Amino acid sequence: VSGKKVKLTPLGRHICALGGDIAVGRLLVYGAALGVPSSALSIAALLSSSKPLFWSPRDQAEREKERQVKLSLCPDQPNDFMAMLAAFHNFLAVQGVRGEEEAVCNRYYLSRSAAVEAADLRKLFARQLSNAGFVLDKSTLHPLSASSHTDNPRLVQAILTGGLYPRVAFVQRPLQKYQKAAGGVREIESEAREHRFFLQSKERVFVHPSSLLFHLNDYPYPYVIYGEKSVVDKQESDRMRAKTYMRPCMIASAPSLLLFGGSVTRVESTLVVDGWMKFAADVQLAALLRGVRRKFDSLLLSLLAHPERAVTLAEKGTELEVFRELLSWKISSIS
């Protein structure tokens, strides 16, 4: 461009080799590199499908039942992506089996046509990964069920953060309220509707009512990763107002954003991602993060030449164990 040479990063070279959507390409490469290709293939397929996986009942009581079913699929923390992944793998486990397929769709409120489309896309992406040189075993190509699926949830959420970045919104928590009580005061729990969400551009956005985060009132980290935005015109009093909704959504952890986000700069005891997301970090943590990010770039570069190495990365004792450990660290965000 303009007479200057453009040099692709190791990740960019992998994505070019795969072709297609950049976010999907990142998901597939990160999933293969971190030893969770099965989850990466499924999520990439679900996000690429032309139809939503879940159908929403019209009856209010039935909608609440649907929400509880989805929450049961991600017991650690409300997460639309993990709920989709678990339900989809349950579908794949019985696809083509008369009676069982319909039962799974009814149990998890799945659209069969959407699930079938995603299953076909999953096979397509698996072929693309194989053609790029990544070796996929039978359990990756044919996951048995969500219960038997052993991918590390933190790794899956990390590749989601890396794949979908910079689709991030900041969560503005409400001011803490207090109430007089016997012997002093007590904190009043905030309501989900009191939280506000903003993009880096300062544009206000909203969690879609179908998202599991719509009713959430506790955010351990003030950042949300989303799959897509949609603008809906809403009637408010005597005028129409357009609202931008996010879905599917999940809370983005500090380690995932620091490892998979944009450029990271250090200002005293603060690490800043892309100039707006701030996290508390001492000198040792900052140095460790820099080292791990360099190591990961080096890993992607080596996989470019030998993609079959990705198969061994799920084993214990590999160079990615430090990476996995870092994802479990508690790192404070600075609002």
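## Aromatic pairs

Rings of Phe, Tyr and Trp, the last by its six-membered ring, count as a pair if their centres lie within 6.5 Å. By this rule, the count for this predicted model comes to nine aromatic pairs. One of them joins Phe197 and Tyr219: the ring centres are 6.0 Å apart and the planes stand at 70°, so the pair is edge-to-face, given that angles over 60 degrees earn that label. Phe197 belongs to strand 4 (residues 196-198), while Tyr219 is found in the loop between strand 5 (204-207) and strand 6 (223-236), so this contact of rings ties together parts that are 22 residues apart in sequence. Both Phe197 and Tyr219 are buried.

Another pair to look up is Tyr223 with Trp276. Here the ring centres are 6.0 Å apart and the planes meet at 85°, so this pair too is edge-to-face. Tyr223 comes from strand 6 and Trp276 from the loop between strand 9 and strand 10, so the parts tied together are 53 residues apart in sequence. Tyr223 is buried, with a relative accessible area of 2%. Tyr223 and Trp276 also belong to one aromatic cluster, together with Phe170 and Phe279.

## Around strand 10

Phe279 of that cluster takes us to strand 10 (residues 277-280), where the side chains alternate. Met277 and Phe279 point to one face and are buried, whereas Lys278 and Ala280 point to the other face and are not.

Strand 10 has two pairing partners to follow. With strand 9 (residues 270-273), the pairing is antiparallel and spans four bridges; Val273 has Met277 as its bridge partner. These two strands form a hairpin with three residues between them, and Asp274 in the turn has a positive phi of about 55°. With strand 11 (residues 333-334), strand 10 again runs antiparallel, joined by two bridges. Lys278 is bridged to Ile334 there.

## Charges over rings

Two lysines are worth selecting in your viewer. The charged end of Lys70 sits over the ring of Phe54, 4.8 Å from the ring centre. For Lys243, the charged end sits over the ring of Phe206, at 4.6 Å from its centre.

## The whole chain

Stepping back, the protein has 12 helices and 11 strands. Of its 335 residues, 47% are buried. Among contacts with a separation of 6 or more, 67% join residues 24 or more positions apart. The accessible surface comes to about 17,800 Å², and carbon and sulfur atoms hold 51% of that area.

Notes:
Residues numbered from 1 in each chain as written. Predicted model: local features only at pLDDT ≥ 70, side-chain atom pairs only at ≥ 80, totals over all residues. Heavy atoms only, no water. Buried < 20%, exposed > 50% of the residue type's maximum accessible area, 1.4 Å probe, protein only. Contact = heavy atoms within 4.5 Å. Areas by Shrake-Rupley, 256 points an atom, 1.4 Å probe, with all protein chains shown as cover. Pairing = 2+ DSSP bridges. Phe/Tyr/Trp six-rings, centres within 6.5 Å; stacked < 30°, edge-to-face > 60°. Lys NZ or Arg CZ within 6 Å of the ring centre and 35° of its normal.
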